[in-house]
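This guided tour proceeds by selection: at each stop, please select the residues named and then read what is found there.

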Amino acid sequence: MARLGLRGRAAVGFAASCAVAIVVCLAAAGALLTGGLQAGDDGEYLTEALRELGTERGVDASEIAPLLDLALDDAPVGLDDVASGGQLDTAQYAFLDEALDRAEEKQFDATVVLFAQIAVGVAVAGTLAAGAVAWTLMNRLLGPVEQLSLVAADAAVGDLSQRIRLDGPDDELKRLADTFDDMLEQLEVSFERQSQFSANAAHELRTPLAVIRAELDAVRSTSTASPEQLEFAEAIDRATTRAEGLVTALLQLGKAEAGIRHLDDVDLGEIVGDVVQRQIVAITSAGLQIELDLGEGDTAQIDGDAALLDIMALNLIGNALSHSRPDTSVEVSVMPETDGTVTLTVCNEADGLDDDLASLTDPYRRGLHAERGHGHGLGLTIIQTVAAAHNATLSIERLNDERFRASVHFPAPAVSSGQS
């Protein structure tokens with residue numbers, strides 16, 4: 001019993017109650033049936049018994065006629081009910097006595113048959129009725145619990161916008177649901193404030209970084225700058241570039257964490273192809289080759305946010321470019337499957353990745369390149385966040401000592417274009 005869920009234990013309890021109710025109904029039906037038959041017309045059974053005995057023994061009809069009249073008029077149950085006075089002779093009394101015994105047997109057999117029929121009917125009807133009542137009650141009792149479980153599951157994957165909003169009496173379940181709704185509302189407000197703060201902070205940082213960039217350009221453009229000043233300016237430039245990348249990543253992460261506000265029917269292959277075109281200069285400068293496979297004319301339609309998907313593809317491809325070895329190729333493919341799912345795959349030869357691939361999606365995790373200043377440690381975090389917002393799964397695999405593959409598997413489209 002302890003291993004059964006709440007619904008299972010409720011079902012067992014209802015089944016036990018229904019079984020007791022059926023037994024009580026059957027006992028009551030049997031008592032009423034027996035009493036009704038015993039109080040009913042016994043003349044029919046006696047008449048039938050008299051005629052059967054007469055046929056079996058070849059008794060003349062005139063001899064049993066008085067007995068038949070007696071059965072139809074008075075319907076005696078025993079010989080004591082037959083009035084004395086010379087109406088019947090000794091042979092007729094003996095014949096009537098045997099007929100009464102047979103009539104009692106017929107009545108008992110009829111009672112058993114009828115009782116069995118009623119018992120089966122009561123059992124079937126009682127079971128069906130009890131099952132319907134039990135199912136209705138269980139749904140009413142356990143429906144709120146199941147609804148709470150679904151909302152909690154959505155909250156566990158980051159969707160804090162769902163609410164239970166349970167109607168009904170102010171009982172324990174409603175108070176629990178209201179408390180859970182209040183908690184979700186407070187969490188949603190807190191996360192929105194945190195996300196908004198990060199976005200605002202990142203946006204505000206752009207202004208001083210732009211000022212620093214302008215001052216650096218001014219120093220470089222002067223003819224009187226000393227070699228030491230130019231070297232100092234280059235160091236500041238590298239730090240500024242890194243800070244600008246971090247600010248951009250924070251803004252992208254804020255958009256990803258905000259989730260999807262509107263779903264559209266988009267072609268993932270088209271988005272990835274556009275990102276690759278924008279990265280051609282970076283690919284060439286890094287001494288890499290790109291192998292792009294967007295399928296053989298098939299569209300890779302998914303339900304998603306085009307802006308977030310662009311951010312995801314940009315970070316996924318940019319991450320491969322940052323970690324790929326020179327003079328190697330980066331394979332990018334978007335493959336639609338027959339079941340409607342779509343897989344985006346980026347495969348490259350990389351170094352600087354440690355063995356703990358699962359931790360690469362942690363914020364500010366930069367692997368073994370941290371000391372060389374590569375990346376900002378948010379690329380895979382952004383990819384993971386965007387993938388989760390689209391109910392997609394991100395996987396990172398080591399194919400061999402030098403080759404890695406990152407894949408994002410998207411579910412089949414479930415909504416029409418333009419639906420929220």
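Begin with Asp305, which is found in the loop between strand β3 (301-304) and helix α9 (306-323). Please keep in mind throughout that the model is predicted.

Is Asp305 buried or exposed? Its relative accessible area is 18%; a residue counts as buried under 20%, and Asp305 is therefore buried. Next, add Ala307 to the selection. Its backbone nitrogen lies 3.0 Å from a polar atom of the Asp305 side chain.

Now select the strands of the sheet. Which order do they follow? The order is β2-β4-β5-β7-β6, five strands that form an open sheet with mixed pairing. The edges are held by β2 (289-293) and β6 (393-398); each has a single partner strand, so one side of each is left without a neighbour in the sheet. On average, neighbouring strands of this sheet are turned by 10 degrees against each other, direction ignored.

At the β2 edge, select β4 (residues 329-336) as well. These two strands, β2 and β4, pair in the parallel sense over five bridges. To view one bridge, choose Gln289, whose partner in β4 is Ser329.

Then turn to helix α10 (residues 379-389), which packs on the sheet and touches β6 and β7 (403-410). The direction of α10 makes about 140 degrees with that of β6. How many residues of α10 are buried? Eight of its eleven residues are, and the helix is mostly covered. Among the buried residues are Leu380, Ile383 and Val386.

Finish at Asn391, just after α10, where phi is positive, at about 55 degrees.

Note on methods. Residues are numbered from 1 along each chain as its sequence is written. This is a predicted model: local features need pLDDT of at least 70, side-chain atom pairs count only at pLDDT 80 or more; totals for chains, interfaces and linings use all residues. Side-chain values use heavy atoms; hydrogens and water are left out. Two strands pair if DSSP finds at least two bridges between them. Helices (H or I, at least four residues) and strands (E, at least two) are DSSP runs, numbered from the N terminus. Axes are lines fitted to C-alpha atoms, for helices over the stretch in contact, and angles run from 0 to 180 degrees between N-to-C directions. Contact means heavy atoms within 4.5 Å. Buried means under 20% relative accessible area, exposed over 50%, partly exposed in between (1.4 Å probe, protein chains only). A polar contact is a pair of N or O atoms within 3.5 Å; within protein, one must be able to donate a hydrogen and the other to accept it, and residues adjacent in sequence count only if both atoms are side-chain atoms.
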